[in-house]
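This report describes selected features of the model shown below. It proceeds from one loop residue to the core, the ring interactions and the disulfide.

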Amino acid sequence: MQKIISKLYMKMKKITLGFSLLVAAAVSFTSCNKGTNTPPEQDQEFQSSKDVSFGNSLVTELELIVSYAAERYTHSNSPLFLAQAGSPGTIFVDVSDTLNKKITVNYTNSVTCRDGKKRDGQIVIDFSASNATNGAKYYRDAGYVAKVSLNNYWVDGWTMEDVNTFTITNNNPFGYDPKTVDLSWTMKGFMQMQPADSNYKILWQGEMTKTLLNTEVASIMNPSKLNPINWVVYVAGTPTNAAQLAYTGTVSGVTSRLISYNYVVDGSKPEKALLRNLLCAPDKITAATSTSTGIIPIYSEWHPFISGVASFTTKGPGTTEPRVIDYASGESTGSCDNAGTVTIKGVTYSIDFKK
């Protein structure tokens, strides 16, 4: 009888042990599944996209200022070089140094410009490297080359320094026909942008091509090539037509987080080019003046990118996923605003860019 009881005891012990092992295995399997089913934290860092877009805007806005001055627009014949109503300071464009082939744009006393931004310092445009044989002396001329340097220049408290010479080159062949060939220029250089009293900085080093998409419009570019490019067409003081500018190229550098980046607008895909329409101004009217004939509005000269797509990669902690920045917010045609989207790992987020 004792033997029978012992055998039953041993049998029950084996069954209990086996069941315990099954339970332990099930718990272990469940724990593993629980770990693998936990979704990873989504990358939602947007500041680097805003920073690189802001840096690119500052550089291309600098080039836009040069494009006006190089066509001999001055404080006397262009709203771009007029101070905002009531602002202290002045804007003065000096085109008198024809011997050394230099033009200077001078901003004094933190003057508020017609784009609503405060500027101070000097922009020097040296076009002595232009092709003298072709008689190139204007921005629209084939063979035109401008070397741009900055002296104590800043925008809204952000200093801009030309680490290497910023060069703008007209890409068109001598004798080009504006009715059939779009004007284009290449800007190339190395810029550092930094706010006052801060280690925060953005470096821009690269090359971008700007194309005047509506070169063939006679009111914008006279077919004779004898008149300046009419960047904005005014009728009775109101802008009615304007240049449409497309930008492509590759830029690398450092964002404000001191993290290296690469920013590409694919030149092989014209539909992806960054578009700046000088008829678009989100802050359309910045002020008004009163005259004997009535109130005259003062139109803004700030023109952000309103469409285009850039691929953007950066190497900061938590920002290693590639990004796609869409300046038209995914729309087929961009709205006149300073908003867009950033797509990270297939997820799209709406953002507002820095002015």
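P228 is located in the loop that runs between β7 (202-212) and β8 (232-235). In this predicted model, P228 counts as partly exposed, because its relative accessibility is 35%. Beyond its neighbours within four places in sequence, P228 is in contact with E71, Y73, R140 and I220. One of these partners, Y73, is 155 residues away along the chain, yet the C-alpha atoms of P228 and Y73 are separated by 8.4 Å.

Y73 also appears among the contacts of F81. Leaving out residues up to four places away in sequence, F81 touches I65, Y68, A69, Y73, T74, H75, I91, V93, V105 and Y107. F81 is in turn one of the residues with the most contacts inside the largest nonpolar core, together with Y107, I123, W231 and Y263. That core has 74 residues, and helix α2 (residues 47-69) gives the most to it, with 10 residues. In soluble globular proteins, nonpolar side chains tend to be buried together.

Aromatic rings provide a further set of interactions. The count comes to 17 aromatic pairs. One of them, formed by F54 and W158, is edge-to-face, with 5.0 Å centre to centre and 70 degrees between the planes. This pair links distant parts of the chain, since F54 belongs to helix α2 and W158 to strand β5 (residues 158-170), 104 residues apart. F54 is buried because its relative accessible area is 4%, below the 20% limit for that class. W158 likewise counts as buried, at 9% relative accessibility. Elsewhere, ring pairs link Y68, Y73, F81, F127, Y139, Y144, W185 and W231 into a cluster. Of these cluster members, F81 and W231 are also named among the residues with the most contacts inside the largest nonpolar core.

Lysine side chains lie over the faces of two further rings, as listed here.

| Lysine | Ring | Distance from ring centre |
|---|---|---|
| K225 | Y176 | 4.3 Å |
| K355 | W302 | 4.6 Å |

The structure holds one disulfide. Which cysteines does the disulfide join? The bond connects C280 to C336, with an S to S distance of 2.1 Å. The link of C280 and C336 is right-handed, with 95 degrees about the S-S bond. C280 lies in the loop between β12 (274-277) and β13 (285-291), and C336 lies in the loop between β16 (323-326) and β17 (339-344), so the pair ties together parts that are 56 residues apart in sequence. Are these two cysteines buried or exposed? C280 is buried, with a relative accessible area of 6%, whereas C336 counts as partly exposed, at 38% relative accessibility. Another cysteine, C113, is buried, with a relative accessible area of 1%.

Confidence should be considered when the model is read. The mean pLDDT of the protein chain is 88, and 86% of its residues reach 70 or more. Over residues 1-32, however, the pLDDT is below 50. Beyond near neighbours in sequence, the stretch of residues 1-32 has zero contacts in the model.

Definitions and conventions: Residues are numbered from 1 along each chain as its sequence is written. This is a predicted model: local features need pLDDT of at least 70, side-chain atom pairs count only at pLDDT 80 or more; totals for chains, interfaces and linings use all residues. Side-chain values use heavy atoms; hydrogens and water are left out. A nonpolar core is a set of buried Ala, Val, Leu, Ile, Met, Phe, Trp, Tyr and Cys residues joined through side-chain atoms within 4.5 Å. Buried means under 20% relative accessible area, exposed over 50%, partly exposed in between (1.4 Å probe, protein chains only). Helices (H or I, at least four residues) and strands (E, at least two) are DSSP runs, numbered from the N terminus. Contact means heavy atoms within 4.5 Å. Rings of Phe, Tyr and Trp (its six-membered ring) pair if their centres lie within 6.5 Å; planes under 30 degrees apart count as stacked, over 60 as edge-to-face and the rest as tilted. A charge sits over a ring if NZ of Lys or CZ of Arg is within 6 Å of the ring centre and within 35 degrees of the ring normal. pLDDT is the predictor's confidence in each residue, from 0 to 100. A disulfide is a pair of cysteine sulfur atoms within 2.5 Å.
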